[in-house]
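This report concerns selected features of a molecular model, from single residues to whole chains. Please consult the sequence and the coordinates alongside the text.

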Amino acid sequence: MLSNIILREIHKHILSFRLHLTMILVLFLFGLGSVAFIKGHTADRESYDQCYSTYLEEERGLAEKNLGDYMTNVRSLMLAPRNDAFITDAKEKMMPNQFWYSGFFVSGFDVPRWASNDLMKSFAELSWVYIVSIIVGFAVLLFNYDLVSGDKENGTLALTVSYSVSRGVLLTGKYLSVITVAMLVLLPGIVLSLIILLVSGAVVFDWVLLAEIAIFLVGTALFVACMAALGLLSSIITTRLNVSLLVCLCIWLGSVVVVPNSAVFFTDKLFPIESSQSVNERISQAKQTVDDRENATLYALKVSDRSWEKIFPLIAKYAMEGLQAEKTIKDAWNNSLFRQFSGSRRLVAISPVSLFEQLSEAVVGGGLVRLRKSWNDMNLYQSQLLEWFKGVDANDPESMHIYIPSNASSMTWKGVNFATVPQFQERRASFAERLEGARLSLALLILYTTIAFALSFVLFVRYDVR
Amino acid sequence: MLQATDLTKRYEDGLLALDHLNLQVKEGEIFCLLGANGAGKTTTINLFLNFIEPTGGQALINGIDVNKDPLEAKKYVSYVSENVMLYGNFTARQNLDFFAKLGGKKNLKKEDYHMYMRKVSLPERAFEMRLKNFSKGMRQKLGITIAIIKDAPNILLDEPTAGLDPKAAAEFIKILKALRDQGKSILMCTHDIFRAKEIADHVGIMKEGRLVMVRTREEFLEEDLEKIYLEYMQEAVVA
Amino acid sequence: MILSIALKEFYTNLVSARFVIGFLLCLLLIPLTLVVNINDYKSKVTAYETQKKEAAEKLKIRVWSYLQPRIVRPPESLSILSRGVSYQLGNYVDLTFTAKPFKASGQTGTSDNPMMGTYFSVDFCTILAIVLSLLALLFTYDACSGEREQGTLKMLLSNSIPRSVVLLGKVLGACLTLLPIILFCYLLCALAILISPDVAFSADEWLRIGLVLLASIFFFATFAFLGLFVSSMFRHSAASIIVCLLAWVFFLFVTPNVSGYVADSLLETPSEQALAVNTNKFTSEKWKEAEKFRGEQPRGAFDWQYSRPTAGGAVETSGATPVFLEWYRQGNKVVYTHMIESAEGRWLLEKEFLDRQDRQRLLAERLSMVSPAQVFQLLSSSLCRTDVESYKRFMESTRRYREELIQYLRNGNLFDSYKFFTAVDPNVMMTTDEYYNYRTGGRIKTEAEFEQWLKDNPGKSWNSIYTRDRPSVDRASLSLLDLSDVPRYKGVPGGVALSLQDSLVELAILVCVSVMLFYLSFIAFLRYDVR
């Protein structure tokens, strides 16, 4: 009975005009998105490789000339463009992906201002997630706004219910058929996209990528199930076809436009952070205090006592103090940034579309998951680098072994073979870590779907089919 | 007067919906067009109302060719469709008001509309009731009221008594008789042989686009109209 | 006749669910977006105040080479209606001699948290576009097909009434229904502006809002006619609504992103980082060349108190021998002439980059004009002065002002004056001999003696013979320059006429598309099968 209903519903949908139209649109977007991605990604990779090789050259130059200079130099390192960004770009072009660091201190991250054309209005990339969340999410609502109220208006609902089929089975059948049809609409698009990507050779397909694609499809099915449940619910609650369409449109608008749009405003109110101006003021004040103490101590020395041997230890001591003060303030602020951003994500969790985006982002290990992990790894790397350096410096008899973060004169001046210097390698998050990042969105999506479907079930049992 | 001269309609896919129809409805006459579903009755009405264009022949309303001068011709005809739907959110009187103005009657007042509705025996409570709450019988009555208000000399009806209970149908037929007596030409498509026998001055049977038989009142009262009709229908089925 | 039909449409629409829900949507979304945008505007005003203070501080200079005025662009209050690119670009420019203004600096975005850049904010015009277009489609998608399905179309056309009249009546009815909603939205906007203490509009701004209102009406008409056209192409409302809604999603949501993304992939812009490396290299090489023009530092030229170089490479000397001061003064004219010329060379590199960026932007804009919604957005951001053209005009005005300043300095022969680089009187400065005498407490009396001492004591540091610190002047005690004569920055030209000129193409497109769609619906409806 259930399979009977499902097959009938699927057949009805496959013949429908709306499915054909949606499929054309979806295919077009997947094709266009993949082609544009290939061009863009290749260009991004090229410019990144260029940047990175320049960076390596400079590093090599410094390290082989004067290791002390190498350690004190403040430079930036960018994260590479992701291979799987065609699944979701996770808005990484608008997220910070550039870290500033020296051997002594990782000072922060920012969005490289030159990453995108600032004359152009920002746009979302035509990734799989975008197409699914905007178009397929919309199409799902289009398919099922009249699932129940439509059948009621054309009389087939009464007819079906007059048979000995339980209402629960009928509803489940309709629901499952919508999900199946939505996935059927999606699949040709995904296949087309994969073919284009394979043929172009711009993306290397390894096991990790294939696993990501598979998990993404599961996530998509969950998202489709959620939207379908919401559409089903609105179809049952409202007795008239027009009204259920309107309600579905409002749900979609709310999820796609209203909730993400108000995120910044409400996040500022609910999870405020200190302004960067105030943070910088505090840092300069703290540094000024240390500077004042340093100057007082230095000027207390007699002019004739001001030899390098006497001065350096003092300068080093105060420099480390100043660094420590800055580091404490900066670390606290960076943590508050993460806190605020996580807070904003919880705020937008009302919207299934945002949840799906966060879920996909975790699946590919991009966006916030990637930033957090790289930030932690960067800090780890910096402390490892410092330890390694101290070991090398200890072996240099000419070094004073005094570590000043901004001045290399009291450390080893020798250069080393660049191959021995520890380099930062970005490690992509493991699947366990990604699951950790996906927990909230996964749980909420399942929750919404379950509640919407359960409610629909309960209401449908008492539904007036006349 | 309504007149069809060699009226033909062939669709693009080759289907001959109407084949050289010749009929005439004079003043003060009711012509009932009988026939199976798809025989061409509704096509005839559509041609008279310029909803579709004929591939041959002419449809004349009071001598005006409907296809050449539809706006002029439509001044002289009223139409009652099979399912009188009208505007569901408006009351009966508001619907009448709208269509009256369309038909050129701009100065009617509320009481006038009420009077018209009483004439067709619509219950008082229905006057200011929204149309979506009307039963089928009430809607058909409202449809004929619109025609009465327009006061055009010709009336076209498409299955007006389909789905009506006997009492409502009887009332409707009574109204038609009164209109006929006023001198209107009425062309009515119907399945309802009983009512056709009751009021028709002429009866025509259509089969596959052709008018295969026409009888006057005297003629078909003598014959067994039901038997003849069924015979034609049988042939249609067998053929 | 038309009026009867229009009024009938109006009353039918008024009591329908779509009107109520549409009205509620506006009531909910418009105030929300206004609150958010007024809030963002407030933070812009705060930043502007800070920068103005800093700009005033920058004018407290003692030497002409430090003249690096900051031009701050006032925040655009109309950004509440249409954000344009105003939150992506900086709002101040620091002028220097050595480079033409390239890009405006300043914080972009609305949050100090760089991660929050992933959220977008929607302005009044965007919400209006989304809701209006949806409502326009929802009210007209069944104009023909709905009446046909209802059976009332046959009833209408069985009367002596031309089809054109029916169509015009429906159009008028849709307008009558939706015009109040548009006006209501603008009323809310006007109310929010009048109530909010942070925003004040002048007559010019109200005029611009009026023009945006006019544009909205054309925009809404375009979608109404689109709905009408789709309705007249289909016999069933169910099909018509699908097409309308998919078109709506395509025009409102897909096109802006696709056009940007495609333009980004089709036209590559060179890396700004590479440009920065090149231009910095260029400028520093020019500096090296320029410094060579000074010639060798003559004997007796010695400086001991000077500031760190500014962003423009200027150095204020407060402690030097007269010989040094004279030598330095003579060199300055040549050096700065050379550097000002080199600024043109640097500008060539930067202009090429900016042009390429602009080309990419133009491509994205042109591609996006497929969608009437985008055309409306471009039009409104142009009228609200938040578009790229307004920004470019601002940047051009700062470049022109820089030329004015340079001319002023040239006219006053200020480049080769002492005041260009030092606030001290050369006549009272120590000579080299006096300097060594002072620092060694009299032990060494001349420069020659000091050099001898160095020869006699190899390996010893200078500090071992100094008993006094360097003679330093308290800069705060020196007088500031009087800048009352200096030409002031006059602001950006631009009235409503200029904005209209910028947006003529978009306006024309909106009008043409709506007329064309109306014409097409007209033709289609004349042949519409009413059965």
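His20(B) counts as partly exposed, because 15 C-beta neighbours lie inside 10 Å, and buried status would need 20 or more. The model is predicted. His20(B) belongs to strand S2 (residues 16–25) of chain B, and its phi is positive, about 50 degrees, although the residue is not a glycine. Most residues other than glycine have a negative phi. Asp6(B) also has a positive phi, near 50 degrees, and is likewise a residue other than glycine. Strand S1 (residues 2–10) of chain B holds Asp6(B). With 13 C-beta neighbours inside 10 Å, Asp6(B) counts as partly exposed. The two residues are set out below.

| Residue | Phi | Strand | C-beta neighbours inside 10 Å |
|---|---|---|---|
| Asp6(B) | near 50 degrees | S1 (residues 2–10) | 13 |
| His20(B) | about 50 degrees | S2 (residues 16–25) | 15 |

**Chain B as a whole**

The secondary structure of chain B consists of nine helices and ten strands. Its radius of gyration is 18 Å, close to the 18 Å that the globule rule gives for 239 residues, so chain B is as compact as a globular protein of that length. The C-alpha trace spans about 50 × 40 × 35 Å along its principal axes. Of the 239 residues in chain B, 44% are buried. Where contacts in chain B join residues at least 6 apart in sequence, 70% of them link residues at least 24 apart.

**The six-stranded sheet and its helices**

How are the six strands of the open sheet in chain B ordered? The order is S6-S7-S8-S3-S9-S10, and the pairing is mixed. Strand S6 (77–80) and strand S10 (210–216) of chain B form the edges, each pairing on one side only. From one strand to the next, the twist averages 15 degrees.

Within this sheet, strand S7 (residues 154–158) and strand S8 (residues 185–189) of chain B pair in the parallel sense over five bridges. Asn154(B) stands opposite Ser185(B) in S8(B).

Two helices of chain B lie across strands of the sheet. Helix H1 (residues 41–48) of chain B lies across strand S3 (29–35), S7, S8 and strand S9 (202–207), and runs at about 145 degrees to S7(B). Helix H5 (residues 136–150) of chain B lies across S6 and S7, at about 175 degrees to S6(B).

**Lys154(C) and its surroundings**

In chain C, helix H5 (residues 152–157) contains Lys154(C). Is this lysine, Lys154(C), buried or exposed? Lys154(C) is buried, because 22 other C-beta atoms lie within 10 Å, where the cut-off is 20 or more. Leaving aside neighbours within four places in sequence, Lys154(C) is in contact with Phe51(B) and Ser81(B) of chain B, and with Val530(C) of chain C. Lys154(C) and Asp529(C) are 375 residues apart in sequence, and their C-alpha atoms are 9.8 Å apart in space.

**Helix H10 of chain C**

Helix H10 (residues 322–368) of chain C has 47 residues, which at 1.5 Å a residue should span 69 Å. The C-alpha atoms at its ends are 65 Å apart, which agrees with that expectation. H10(C) bends by about 30 degrees at Asn332(C).

Methods. Residues are numbered from 1 along each chain as its sequence is written. Chains are lettered from A and ligands numbered from 1 in the order in which they are written. This is a predicted model: local features need pLDDT of at least 70, side-chain atom pairs count only at pLDDT 80 or more; totals for chains, interfaces and linings use all residues. Helices (H or I, at least four residues) and strands (E, at least two) are DSSP runs, numbered from the N terminus. The expected span of a helix is 1.5 Å times one less than its number of residues. The bend at a residue is the angle between axes fitted to the seven residues ending there and the seven starting there. The radius of gyration is taken over C-alpha atoms; the globule rule is 2.2 Å times the number of residues to the power 0.38. A residue is buried if 20 or more other C-beta atoms lie within 10 Å of its own, exposed if 12 or fewer, and partly exposed in between; C-beta atoms are placed from the backbone. Two residues are in contact if their C-beta atoms, placed from the backbone, lie within 7 Å. Two strands pair if DSSP finds at least two bridges between them. Axes are lines fitted to C-alpha atoms, for helices over the stretch in contact, and angles run from 0 to 180 degrees between N-to-C directions.
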